[in-house]
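User: I am new to this structure and would be grateful for a close look at its nonpolar core and at the parts of the chain that surround it. Please set the core in the context of the whole fold.

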Amino acid sequence: MLRLGVAAALRAGRDRAPPGALRGPALSSAPPQPLVVELKAGKKYAWCSCGHSKTQPFCDGSHRTAAPGVSPLRFTAEADGAAPLCACKRTRSPPYCDGSHREQAAPPGPRP
Ligand code: FES
């Protein structure tokens, strides 16, 4: 599990693939691991639910062109502290990781 601050998570999302390359969780054969980010109580976040954002685990608006009809999950952090946010987009308790990335039978990656 990666442990990142929000700014580092945003940088990591941008730095995963070379410029011009397709990006997203489906590009790897291994399911993406959850991203642990520091959340602030009362602050609103938009978790990427489509898998196409370059700033995982947060939405960057890519769903508008890459996955029309899919919207980010908006949530308000209830407490300060580290939270494991789902990066594989298979979680049954979004935006939080529930361990679904370990399941082999689930379909991988971003939604069309
Ligand atoms: S980029 Fe994925 S939900 Fe917005």
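Analyst:

**The core and its surroundings**

The protein chain contains two helices and five strands, in a model that is predicted. Along the sequence these elements follow the order β-α-β-β-α-β-β. The chain has 112 residues, of which 33% count as buried. Among contacts between residues at least 6 apart in sequence, 64% join residues at least 24 apart.

The core comes next. The largest nonpolar core has 14 residues, and those that touch the most other members are W47, C48, F58, L85, C86 and A87. Two or more residues of this core are contributed by each of the elements β2 (35-39) and β3 (44-47). Strand β2 provides the largest share, namely three residues.

Strand β2 therefore merits attention on its own account, as a general point about strands helps to explain: in a regular strand, side chains alternate between the two faces of the sheet. In β2, the covered face carries L35, V37 and L39, whereas V36 and E38 belong to the uncovered face. The strand is joined by five bridges to β5 (residues 81-85), and the two run antiparallel. Within this pairing, V37 of β2 has A83 of β5 standing opposite.

Strand β3 also shows alternation. The side chains of Y45 and W47 point to one face and are buried, while those of K44 and A46 point to the other face and are not buried. W47 is also among the core residues that touch the most other members. The partner of β3 is β4, and the two strands pair in the antiparallel sense over four bridges. Here Y45 stands opposite F75 in β4.

C48 is another of the core residues that touch the most other members. Leaving aside residues up to four places away in sequence, C48 touches S53, Q56, P57, F58, C59 and P72. Two of these contacts, Q56 and P57, are linked to each other by a cis peptide bond, with omega near 5°. P57 itself is placed in the loop between β3 and α2 (63-66).

The loop between β4 (73-76) and β5 offers a view away from the core, for it contains A79. A79 is exposed because just 9 other C-beta atoms lie within 10 Å, and a residue counts as exposed at 12 or fewer. Although A79 and K40 are 39 residues apart along the chain, their C-alpha atoms are separated by 6.3 Å.

The segment after β5 holds K89. K89 is buried, since 29 other C-beta atoms lie within 10 Å and the cut-off for a buried residue is 20 or more. The backbone of K89 has phi near 70°, a positive value in a residue other than glycine. P95 also lies in the segment after β5, and the peptide bond from P94 to P95 is cis, with omega near 10°.

In summary, the core draws its largest share from β2, a strand joined to β5 by five bridges. Strand β3 also gives two or more residues to the core and pairs with β4 over four bridges.

Technical notes: Residues numbered from 1 in each chain as written. Predicted model: local features only at pLDDT ≥ 70, side-chain atom pairs only at ≥ 80, totals over all residues. Core = buried A, V, L, I, M, F, W, Y, C linked by C-beta atoms within 7 Å. Contact = placed C-beta atoms within 7 Å. Pairing = 2+ DSSP bridges.
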